[in-house]
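Here's a quick briefing to read alongside the model. Have the structure open and follow along topic by topic.

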Amino acid sequence: MLVLRLLNVVAPAYFLCISLVTFVLQIFLFIPSMFRDLSTTPLFSPALLHGALFLFLSANALGNYILVIQSSPEDLGKGLNLGEGVEVMADWLDGSRSPGSALPSTHFCRLCARVTQRHDHHCFFTGNCIGSRNMRNFIMFCLYTSLACLDSLVTGMAYISAALSMSFANPLAFLTLLPHSISQFFSGALLSSEMFVILMLYLWLGIGLACAGFCCHQMLLVLRGQTRYQVRKGMVVRARPWRENLQEVFGKRWLLGLFIPVLNVGSDYRRQKEK
């Protein structure tokens with residue numbers, strides 16, 4: 001448990017550090033290098049267009065990240081109609097009561113010390129459980145994080161291509177870039193800043209692919225009306241049309257959440273809570 005609590009602190013700090021480094025590289029290195037192209041008009045220059053795109057992706061990724069943390073699971077006995085408060089928590093802690101005994105698909109997380117309705121999993125990068133209140137924001141966070149990493153990967157490759165006078169037309173060029181760069185760095189032929197950008201390229205690739213895969217996996221579970229916790233525990237889920245499952249997570253006004261980081265808009269969960 002101590003290792004998990006430590007991971008719950010280290011993982012968010014790691015994500016915020018990577019986000020800060022990416023922002024600094026984009027604003028102070030990649031985008032200024034694009035202004036050197038004098039053949040384009042200032043209004044439609046690649047630097048301004050890319051800067052606007054990167055800020056849009058970053059704002060959505062960080063905005064949904066904050067909303068995932070803000071929309072935390074309900075406190076025990078509040079909003080879930082559990083009724084027994086501290087006694088229920090004690091039963092969960094000592095194992096005398098199963099998580100599904102109060103409400104179906106509820107789960108008590110020892111790290112959060114809270115109950116999550118429609119529990120999916122505990123995300124260490126946000127330090128929070130993912131459930132009915134923040135599932136949509138979590139999916140949007142994964143989507144925009146993968147897009148921001150892809151954007152940074154492409155612009156980073158363009159910067160390295162210009163700085164080292166090399167081409168990535170051959171797919172093997174990216175695979176052999178790291179070992180060649182390491183040998184050149186220790187021989188003194190490669191600058192520290194360029195080596196750092198090359199390392200970040202592989203980090204952006206890994207994070208982007210992981211977030212994209214996680215986003216696709218979560219969307220598949222949402223369409224099926226399942227959660228990772230239900231699949232792991234072998235719980236049977238009532239079959240419903242995929243449109244209803246999608247609307248339960250994203251709400252009726254789902255289009256707004258695709259472009260602006262907002263809380264669940266028009267979801268069934270919020271309508272039930274307001275009643």
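Let's start with one residue: Gln117 sits in strand β2, which covers residues 114–117. Gln117 counts as partly exposed because its relative accessibility is 24%, and its C-alpha atom is 9.9 Å from that of Cys129, twelve residues away along the chain. Keep in mind that this is a predicted model.

**The chain overall**

- The secondary structure adds up to eleven helices and four strands.
- Of the 275 residues in the chain, 40% are buried.
- Take the contacts between residues at least 6 apart in sequence: 61% of them link residues at least 24 apart.

**How far to trust it**

- The average pLDDT for the chain is 82, and 80% of the residues reach at least 70.
- Which elements have the lowest and highest mean pLDDT? Helix α3 (residues 86–94) is at the bottom with 43, while α7 tops the list with 95.
- Across residues 79–102 the pLDDT stays under 50, and the model gives this stretch 33 contacts beyond four places in sequence.
- Residues 268–275 also have pLDDT below 50, with 13 contacts in the model beyond near neighbours in sequence.

**Nonpolar cores**

- The largest nonpolar core holds 19 residues, and among those with the most contacts inside it are Ile130, Met135, Phe138 and Val222.
- Four elements each put two or more residues into this core: α2 (46–70), α4 (135–164), α7 (192–224) and α9 (242–250).
- The top contributor is α4, with eight residues.
- There's also a second, separate core of 17 residues, including Leu25, Phe30, Ile160 and Leu201.
- What does Val222 touch, leaving aside residues up to four places away in sequence? Its partners are Met135, Ile139, Asn245, Leu246, Val249 and Phe250.

**α1 against α2**

- Helix α1 (residues 2–34) packs on α2 at about 170 degrees, and the axes are 10 Å apart.
- An angle over 145 degrees counts as roughly antiparallel, so that is how α1 and α2 run relative to each other.
- On the α1 side the contact includes Pro12, Phe15, Leu16, Phe23 and Met34, and on the α2 side it includes Pro46, His50, Phe54, Leu62 and Tyr65.
- Sorted by class, the contact of α1 with α2 has twelve nonpolar residues, five polar ones and no charged ones.

**α7 against α9**

- These two helices, α7 and α9, pack at an angle of about 120 degrees with their axes 7 Å apart.
- Their arrangement is therefore oblique.
- Met219, Val222, Leu223 and Arg224 of α7 meet Trp242, Asn245, Leu246, Val249 and Phe250 of α9.
- The contact of α7 with α9 breaks down into seven nonpolar residues, one polar and one charged.
- Val222 ties two topics together: it is among the residues with the most contacts inside the largest nonpolar core, and it also takes part in the contact of α7 with α9.

**Arg243, on α9**

- Arg243 is another residue worth a look, and it lies in helix α9.
- Is Arg243 buried or exposed? Its relative accessible area is 60%, so Arg243 is exposed.
- The C-alpha atoms of Arg243 and Gly225 are separated by 9.8 Å, and the two residues are 18 apart along the chain.

Definitions and conventions: Residues numbered from 1 in each chain as written. Predicted model: local features only at pLDDT ≥ 70, side-chain atom pairs only at ≥ 80, totals over all residues. Heavy atoms only, no water. Core = buried A, V, L, I, M, F, W, Y, C linked by side-chain atoms within 4.5 Å. Buried < 20%, exposed > 50% of the residue type's maximum accessible area, 1.4 Å probe, protein only. Contact = heavy atoms within 4.5 Å. Axes fitted to C-alpha atoms, helices over the stretch in contact; angles between N-to-C directions. Parallel < 35°, antiparallel > 145°, perpendicular 65-115°, else oblique. Nonpolar A, V, L, I, M, F, W, Y, C, P; charged D, E, K, R; others polar. pLDDT = per-residue confidence, 0-100.
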